[in-house]
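Keep the sequence and the model side by side. The walk below moves from one strand to its neighbours, then on to a cavity, a helix and a single side chain.

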Amino acid sequence: MFPPLGLFKDIPCPQGEQCSLLTCIFSHPSTNSTGDQKNTTAPEVHATHDPSIQDPPPPKKAKLQVAAEPSKGALESLPSSSRSQPTSQASSLASAARKPSQATDQKPVRLQTVTKKVSPPPPKSGLASNPPDGPSAEKPKAGFPPRHAPRESLNPRMLTKSPASHGVRLAILTKLHAAMSSLNNNMAKQKEGPEKYLVLSPNELITMALDEEESVAKDNASIYSNVIKLRIVKLSKMNQEDWVKEVKAHLNQRYYKIPPSRSEQKPKTLTTGLSVPEEIALAKKLVKPLEGLEQFGYVTKAPTNEEVENARKGVIESKGWEKCDRCGGRFQVFPGRREDGSLTTGGTCTYHSGKPVYPPRKPTDHITGPREAYFSCCNETLGTSPGCTKGQTHVYKVSETKRLASILQFERTPAQPGKGSQPPVCFDCEMGYTTLGLELIRMTAVSWPEGKPLVDVLVRPMGEVLDLNSRFSGVFPEHYTDAIPYGTTPPKTGSSTREDGEIEPAPLHVVESPAAARALLFQLIQPDTPLIGHAIDNDLNACRIIHPAVIDTVLLYPHPRGLPIRTSLKMGGDRGHDSKEDAVATGDLVRSKGWVLQDDRLVPPRGTPDDAAGDMRLGRGAGQKRTSSG
């Protein structure tokens, strides 16, 4: 008979007390164990050769154990776990087990009941029965519960549909675990610090590797090998700071919520030493004319009706064929949906979410050759893989001015004689992909230089949404679900704190079209109001606005190689950009420290040689002559 595996140890025996098996696979109540402990010594029974002496009956349900002299050991073969038998049977067993050479006057054998040890109570739900292994579990960070990783082997988890053979998955998983172990060991070698609790135990490290391998196998089955190999390469090149972020994200998802680090706290308020009127006077000096920059996307004149009509005819003749903005493939798009309900063709889109990075030149390049360019998202060499990210559909954007006007015509900022001069406004937009291209989905404006919110609204696009581009826009479907119509008062104002301790922002207002959002911005500005933004041509084109007074930080801080190359604002995170934060940050870039206004003339900071820095800050070359007005 095969030994039991313990699969039925928690199921009560169907026979109950009538069960006669010596080793039953089912569970039996141990109600007599307590009574056995109370009555540890049974009556002595003298087992001799005289058959006239009868043994007293043992206690009911008592287990028998034969205790002999230490030197004899004649009854070692009798199983101590056997159930109690009738007295006559016990006597016969004792007699049969006695050696033939024993004398009849030998010291009698003592029979006594067995005392069963009571098992300790089971652990409470949610707690491990064994102490957690590893330093991270022994000494959790103050305020966090201890982590209890499941005990798993380094073996790929079983999937309904595996993307590769078990051998391939095991080899890849082993390399993934080795790369993670190396980073974890480097962190463990560091001295005790605030991040010491992030050192993973062996079980936690195996769980992390299994979680990641399983996630890739499920979500990227068709390109499983490429994605997981790129991940291993990225881990091998990862620094300690990035590894800390990876571990926090894993722990945050599997065990508990980790509060944001101090580096993510709100920055201090910027002070320049200038009064608000002085800063506004400075802003008016930084306005840059856009004439001559049309080739770089800045629109200074609305397309004519004839140009708009030709653009519409071109779209009709193309039958919806577009070039994907992410993978470069060709696909069809159907505004208003096709008869079968489809919005696009071409299936899923595989692409690189990061941009190509070209390493700087080195003096040894003529010997070793220049390093190959790679993608910032996965460190994969340019041209070696189709991509590391998958989108549900292909997407596209429209850049041609007349085609943009065929969807919604451009408008110049209208003059409002009754309002007078308006202070500068910082302006930022977020865009998402629809069946009509890259459309406006959020618009934000704040006052300058104070940074106070003026308008912040979600925008319902004109086309059907293909991708909200949440990775960069920061706009998610739940924002639209929770939004309230513009002009109405929300049920409760301000933000609230959720049960997990995170702050839940107040719901945004939503307007029904980009034209409605544009009308809200027009209420805040005049044609001569400085409108401040970063790469502001994208925001103006999304709203279809032509504004003559623009301060673009791309032009204020030009790239060394000039347009069309632009410096990045370097904002955003796991939840994407936030147009309000971007607008405030752009406004801070325009503000300067040390300038003073004397006799209606701006004087640059002291120590600036020949005012060259001041000329550059005002958007002029150092060799150009300054005007009397500063």
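What follows is a short tour of selected parts of this predicted model.

Begin with strand β11, residues 437-447. Is this strand mostly covered or mostly open? It is mostly covered: 10 of its 11 residues are buried.

Now look at its partners. Strand β10 covers residues 425-434 and runs antiparallel to β11. The two are joined by 10 bridges. To find the register, go to Gly 432, which stands opposite Glu 439 in β11. The link is brief to trace: β10 and β11 form a hairpin with two residues between them.

Strand β12, residues 453-459, also pairs with β11. This pairing is again antiparallel, over five bridges. Here Arg 442 of the pair stands opposite Leu 458 in β12. The hairpin of β11 and β12 has five residues between the strands. Within that hairpin, Gly 451 takes a positive phi near 80°. When you follow any of these strands, keep one general point in mind: in a regular strand the side chains alternate between the two faces of the sheet.

Next, the internal space. How many cavities of 30 Å³ or more does a search of the whole structure find? It finds two. Take the second largest, with a volume of about 60 Å³. Which element gives the largest share of its lining? That is β11, with four residues. The lining includes Gly 437, Leu 438, Glu 439 and Leu 440. Glu 439 is thus a residue to revisit: it faces Gly 432 across the strand pairing and also lines this cavity. Other lining residues include Leu 404, Leu 436, Met 462 and Pro 514. Ala 542 and Arg 544 are among them too.

Ala 542 leads on to helix α15, residues 536-543, where Asp 537 also lies. Is Asp 537 buried or exposed? Its relative accessibility is 4%, so it counts as buried, the cut-off being under 20%. Its side chain is not without a partner: a polar contact of 2.7 Å joins it to the side chain of Arg 566. Beyond its neighbours within four places in sequence, Asp 537 is in contact with Phe 296, Gly 297, Tyr 298, Asp 552 and Arg 566.

Finish with helix α5, residues 202-219. What span should its 18 residues have? At 1.5 Å a residue, they should span 26 Å. The end C-alpha atoms are 26 Å apart, so the expected span and the model agree. This helix is mostly covered as well, with 14 of its 18 residues buried.

Note on methods:
Residues numbered from 1 in each chain as written. Predicted model: local features only at pLDDT ≥ 70, side-chain atom pairs only at ≥ 80, totals over all residues. Heavy atoms only, no water. Buried < 20%, exposed > 50% of the residue type's maximum accessible area, 1.4 Å probe, protein only. Pairing = 2+ DSSP bridges. Expected span 1.5 Å × (residues − 1). Polar contact = N/O pair within 3.5 Å; in protein donor to acceptor, adjacent residues only side chain to side chain. Contact = heavy atoms within 4.5 Å. 1 Å grid on protein atoms, 1.4 Å probe; cavity = no way out; pocket = protein on both sides within 12 Å on 5 of 7 lines; lining within 4 Å. Points joined across faces, edges and corners; volume = space filled by probe spheres on them.
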